[in-house]
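Work through the exercises below with the structure open beside you, and try each task before you read its solution.

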Amino acid sequence: METLTVGDEVLWRGSWGQEPEQVVRITGIQVNERNGSKEGDSVDFISWDKVTDHNLIFDLNNSHWCWAHQISPYYNDADVKLTGDDEPINIDLIADKYQNGYWE
């Protein structure tokens, strides 16, 4: 999840980040002119590395809005993908001398 897009689910902390996390859906993204500003341009997506502090305002599907520091990525099972290190290993493909985890 490198890009945050309108419609994505995120973890949100209400009360300026003080409440427990809740799963919500992003319904709008506004890029502000400067940090702390409430004026900006609406966009459909933004890179997660740009989601910091008060540079963005998000509209949420629970009738709230929030600053960027109040949200974090939400990963559900559909988002979890195996990498090369996570994939199951076929033990028959490993030479016998390495199967015990040490050199013989």
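Two strands are said to pair if DSSP finds at least two bridges between them. The model used here is a predicted one.

**Exercise 1.** Determine which strands pair with β6, and in which sense they run.

*Solution.* Begin with β3, which is joined to β6 by five bridges, the two strands running antiparallel. Within this pairing, look for G28, whose bridge partner in β6 is D59. Then turn to β7, residues 65–67, which pairs with β6 over three bridges, also in the antiparallel sense. Here D59 has W65 as its bridge partner in β7. Finally, follow the chain through the hairpin of β6 and β7, where four residues lie between the strands and S63 takes a positive phi near 70°.

**Exercise 2.** Find out how β6 takes part in the largest nonpolar core.

*Solution.* First consider how far β6 is covered: four of its five residues are buried. Next, examine the largest nonpolar core, which has 15 residues, with F58 and L60 among those that have the most contacts inside it. Two or more residues of this core come from each of β2, β3 and β6. Last, inspect L60, which, leaving aside its neighbours within four places in sequence, is in contact with residues including W12, V24 and I26.

**Exercise 3.** Classify the arrangement of the rings of W65 and W67.

*Solution.* The centres of the two rings, W65 and W67, are 5.5 Å apart and their planes stand at 80°. Because planes over 60 degrees apart count as edge-to-face, the pair of W65 and W67 is edge-to-face. W65 is partly exposed, at 34% relative accessible area, whereas W67 is buried, at 7%.

Methods. Residues numbered from 1 in each chain as written. Predicted model: local features only at pLDDT ≥ 70, side-chain atom pairs only at ≥ 80, totals over all residues. Heavy atoms only, no water. Core = buried A, V, L, I, M, F, W, Y, C linked by side-chain atoms within 4.5 Å. Buried < 20%, exposed > 50% of the residue type's maximum accessible area, 1.4 Å probe, protein only. Contact = heavy atoms within 4.5 Å. Phe/Tyr/Trp six-rings, centres within 6.5 Å; stacked < 30°, edge-to-face > 60°.
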